[in-house]
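Work through the exercises below with the sequence and the model side by side. Each task is followed by a solution that goes step by step.

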Amino acid sequence: MLSAIKNVTYENLWRKDLGELKKEVITMWKLHNPGFEEDKTEERASQIVWVAKNEFEQVVGVTTAFKVYVKQFRNFMYSIRVMVLPEYRSQKLATDLLVKSRDFLESIHQEDLPDPPIAMITLVENELLKKNKREAIWPASKMVYAGNSAKGHHIRVYYFKGATI
């Protein structure tokens, strides 16, 4: 499936064997995420939902998700992260990855037992996004602004259809 960005393809890798992609994704995280925790490499690799690849089949973006109990919301949610290489950063690619992840996680959340997640949640750490994407509800992903973290990062939540609290 092609995106509006020329020759970008997407692959769903949720709970699949990553094969050779694993090393490539880990290298991307290490090079472009100064806070990346080495000891979390295996765990994070097992949380990959989607990867975006360029025309040379190189990974240029990735989403990860894991189920977590969010005390503030008194429910389980998928905590989701989106990372796109700097030279591919455009709102469209990050949005595509976020929407694809939302749709996929919504389609499987009821099967994630025990305690199926009712939503996905993310921390928006990117200062440009916090400054420029200030809609209460993001149009494409439908993620709702739900406040700020202790560090001042925006908290965004998307409740799955039929979710109850």
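**Exercise 1: a charged pair in a helix**

Arg 102 is buried, because its relative accessible area is 10%, where buried means under 20% relative accessible area, exposed over 50% and partly exposed in between (1.4 Å probe, protein chains only). This is a predicted model, in which local features need pLDDT of at least 70 and side-chain atom pairs count only at pLDDT 80 or more, while totals for chains, interfaces and linings use all residues. Residues are numbered from 1 along each chain as its sequence is written, and side-chain values use heavy atoms, with hydrogens and water left out.

Task: Which residue forms a salt bridge with Arg 102, and is Asp 103 buried, exposed or partly exposed?

Solution: Begin with the term itself, since a salt bridge is a side-chain nitrogen of Lys or Arg within 4 Å of a carboxyl oxygen of Asp or Glu. The partner of Arg 102 is Asp 103, and the closest N and O atoms are 2.7 Å apart. Asp 103 counts as partly exposed, because its relative accessibility is 37%.

**Exercise 2: salt bridges between distant segments**

Task: Find which parts of the chain are tied together by the salt bridge of Glu 106 and Lys 161, and by that of Lys 53 and Glu 11.

Solution: In the pair of Glu 106 and Lys 161, the side chains meet at 3.3 Å, N to O. Glu 106 lies in helix H3 and Lys 161 in the segment after S7, so the pair ties together parts that are 55 residues apart in sequence; helices (H or I, at least four residues) and strands (E, at least two) are DSSP runs, numbered from the N terminus. Glu 106 is buried, with a relative accessible area of 14%, whereas Lys 161 is exposed at 62%. Salt bridges that share partners also join Glu 11, Lys 53 and Glu 57 into one network.

Turn next to Lys 53 and Glu 11, whose closest N and O atoms are 2.7 Å apart. This pair links distant parts of the chain, with Lys 53 in strand S2 and Glu 11 in strand S1, 42 residues apart. Lys 53 counts as buried at 9% relative accessibility, and Glu 11 as partly exposed at 31%. A search of the whole structure finds 10 salt bridges.

**Exercise 3: the sheet**

Task: In what order do the seven strands of the open sheet lie, and which are the edge strands?

Solution: The order is S1-S2-S3-S4-S5-S7-S6, with mixed pairing, and two strands pair if DSSP finds at least two bridges between them. The edge strands, each pairing on one side only, are S1 (9–12) and S6 (144–148). From one strand to the next, the twist averages 25 degrees, where axes are lines fitted to C-alpha atoms, for helices over the stretch in contact, and angles run from 0 to 180 degrees between N-to-C directions.

The mixed pairing can be followed in two places. S4 (residues 75–84) and S5 (residues 119–124) are parallel and share two bridges, with Met 120 in S5 as the bridge partner of Tyr 78. S6 and S7 (residues 154–159) run antiparallel and are joined by three bridges, and in S7 the bridge partner of Tyr 145 is Arg 156. These two strands form a hairpin with five residues between them, and Gly 152 in the turn has a positive phi of about 90 degrees.

**Exercise 4: the nonpolar cores**

Task: Which residues touch the most other members of the largest nonpolar core, and which element gives the most to this core?

Solution: A nonpolar core is a set of buried Ala, Val, Leu, Ile, Met, Phe, Trp, Tyr and Cys residues joined through side-chain atoms within 4.5 Å. The largest one holds 38 residues, of which Trp 29, Leu 105 and Met 120 touch the most other members. H1, S2, S3, S4, H3 (91–108) and S5 each supply at least two residues, and H3 gives the most, with six. Met 120 touches residues that include Tyr 78, Leu 98, Arg 102 and Leu 105, not counting residues up to four places away in sequence, where contact means heavy atoms within 4.5 Å. A second, separate core of eight residues includes Met 77, Ile 118, Ala 119 and Val 157.
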